[in-house]
Amino acid sequence: MRSSRRYNMMTVTRTAIVVSVLAMLVCCIPEPELHLYDNGNIDVNLPMIDINLDTYWDYDLETTYETKKNWRDEWYYGWDEEDQRLFGNIGYTAPEVFLLRRYYTGSTPFVPHTSVLSATVKGHNYRARYNWGYWDILVWNDVITPDGVQSLIFDEQTSFDYVTAYTNQSLTLSRYQAPRYTRSFYQPEELFAAYTQGVEINEDLTGFEYDPVNDVYVKHIDMTLEPLTYIYLTQVIIHHNNRRVVGVDGSGNLSGFGRTTVLNTGITGEDVVTVHYYNRLKYNCEKDSELVDIIGGRLLTFGICGQNGNRIKHRDEVTDEVPHYLDVTMQFNNGIDSTFVFDVTEQVRRRWKGGVITVELDMDTVRIPTRTGGSAFDAVVKDFEDGGTHEIDL
């Protein structure tokens, strides 16, 4: 797999609650004079989201680990029209359709949910009705793919208190998490979410402001729609290749990430999996005045297990005991394929919410295999001791 209840209505007409899903907080506006009406429509506004990688990947790593620099300075693979066609945009794409869940908790805030009201929002405005009392609101983007097939699956049945997103196993072999999982998992699509609790809809309209243009009262709710899937750009830089590596099979794996994420909290699950993605070989890329060949690709993950990457500010806050391996299958000029495995654990931990993962391979130090899957390297993972998976010291 890739994947009626009647409410007492408010006695206020044309009263609006605007949920501002922004990358910053909405400033408070003085409350106008209140006027009471009949009826109870409420507006929910969902502005566009613009996630800029230059800002999002602005890591503060200090000199303990490396000097601070823009990710573009370390990304040599580039991103041409063919990459765009095969892999999509290099960065995030602002969503236009949203899924909205409202949970009424009566006169008591921050209590477990007993029911949910669901809606799909096309565009950036949604009007609904609310009871007096407290509400929790969860918003995430609808997943829209070019072929109509998605990997993300959402569990809303286990509990009203949270929504869990996950993907299933692909057909690609990967034993880093064996014996529980012997195959890698599909990468998730881009996922953004925001959640707020204890929103009070009170009868005297305290906290509302008047909108004279639309003749409605408005309540702003400060929410931040944040990425829950993290983009990694991988590149295997091949020095002195001289056409010894002539291609790739187009697939790669990056291990050690959570299988699930909770939309309400943004925290990744503890179940560790390997993520499958696609890559491509480019010849004659320039790196520091040298022409090199590069195997590059883009993938999304739910991030490091047990953490919300958006809440971490520094590498020292990353609590991760899981190793991370990058593997790619290279095709040699004698017709033999071999899978190479690179330990990228520290790079992933330094880039806990995505970024560039780089490994370098000097072909003058690599013996070309002479049999299918064969070479003299030892495997990183013992289950892979088939002669075709090779550990590369970095």
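## Strand β3 and its neighbours

In this predicted model, R101 stands opposite S118, a residue of strand β4. A second facing pair between the two strands is formed by F98 and V121, the latter again in β4. Altogether, 6 bridges link β3 to β4, which spans residues 117-122, and the two strands run antiparallel.

Strand β3 also pairs with β6 (residues 133-141): 8 bridges join them, and the direction is again antiparallel. Here L99 is the residue that stands opposite W140 of β6. Strand β3 itself covers residues 97-106, and 9 of its 10 residues are buried, so the strand is largely enclosed by the rest of the structure.

## The five-stranded sheet

These pairings belong to an open sheet of 5 strands, arranged in the order β4-β3-β6-β11-β14 with antiparallel pairing. Its edges are formed by β4 and by β14 (226-227), each of which pairs on one side only. In the strand order, β3 stands between β4 and β6. Strands of a sheet are held in pairs through backbone hydrogen bonds, in either a parallel or an antiparallel manner.

## The three-stranded sheet

Another open sheet consists of 3 strands in the order β7-β8-β17, and its pairing is antiparallel. The edge strands are β7 (153-155) and β17 (260-262), each with a partner on one side only. From one strand to the next, the twist averages 25 degrees.

Within this sheet, 3 bridges connect β7 with the antiparallel strand β8, which comprises residues 164-166. One of the residue pairs is F154 with A165, where A165 is the bridge partner in β8.

## The chain as a whole

Beyond these two sheets, what does the chain contain overall? It has 4 helices and 23 strands. Its length is 394 residues, of which 55% count as buried. The exposed area of the chain is about 18500 Å², and carbon and sulfur atoms supply 47% of that area.

## The largest pocket

The largest pocket holds about 1000 Å³ of space. It is lined by 31 residues, and those closest to its centre are F87, T145, P146, E189 and R298.

Which elements each supply at least two residues of this lining? They include helix α3 (81-87) and the strands β18 (272-287) and β19 (290-301). By residue class, the lining divides into 16 nonpolar, 8 polar and 7 charged residues.

## Two buried residues with partners distant in sequence

R349 is part of helix α4, which runs over residues 345-350. Is this arginine buried or exposed? With a relative accessible area of 16%, R349 falls under the 20% limit and is therefore buried. Along the chain, R349 and E317 are 32 residues apart, and their C-alpha atoms are separated by 9.8 Å.

G256 lies in strand β16, which extends over residues 245-258. Its relative accessible area is 0%, so G256 is likewise buried. G256 and I304 are separated by 48 residues in sequence, while the distance between their C-alpha atoms is 7.2 Å.

## Backbone features in loops

A cis peptide bond is found between A178 and P179, with omega at about 5 degrees. P179 is located in the loop that connects β9 (169-173) and β10 (183-186).

The loop between β18 and β19 contains D288 and also S289. For D288, phi is near 50 degrees, which is a positive value in a residue other than glycine. S289 is not a glycine either, and its phi is positive at about 70 degrees. How does each of these residues stand with respect to accessible area, buried or exposed? D288 has a relative accessible area of 57% and is therefore exposed. S289, with a relative accessible area of 71%, is exposed as well. The two strands that flank this loop, β18 and β19, are also among the elements that each supply at least two residues of the lining of the largest pocket.

Terms used. Residues numbered from 1 in each chain as written. Predicted model: local features only at pLDDT ≥ 70, side-chain atom pairs only at ≥ 80, totals over all residues. Heavy atoms only, no water. 1 Å grid on protein atoms, 1.4 Å probe; cavity = no way out; pocket = protein on both sides within 12 Å on 5 of 7 lines; lining within 4 Å. Points joined across faces, edges and corners; volume = space filled by probe spheres on them. Nonpolar A, V, L, I, M, F, W, Y, C, P; charged D, E, K, R; others polar. Buried < 20%, exposed > 50% of the residue type's maximum accessible area, 1.4 Å probe, protein only. Areas by Shrake-Rupley, 256 points an atom, 1.4 Å probe, with all protein chains shown as cover. Pairing = 2+ DSSP bridges. Axes fitted to C-alpha atoms, helices over the stretch in contact; angles between N-to-C directions.
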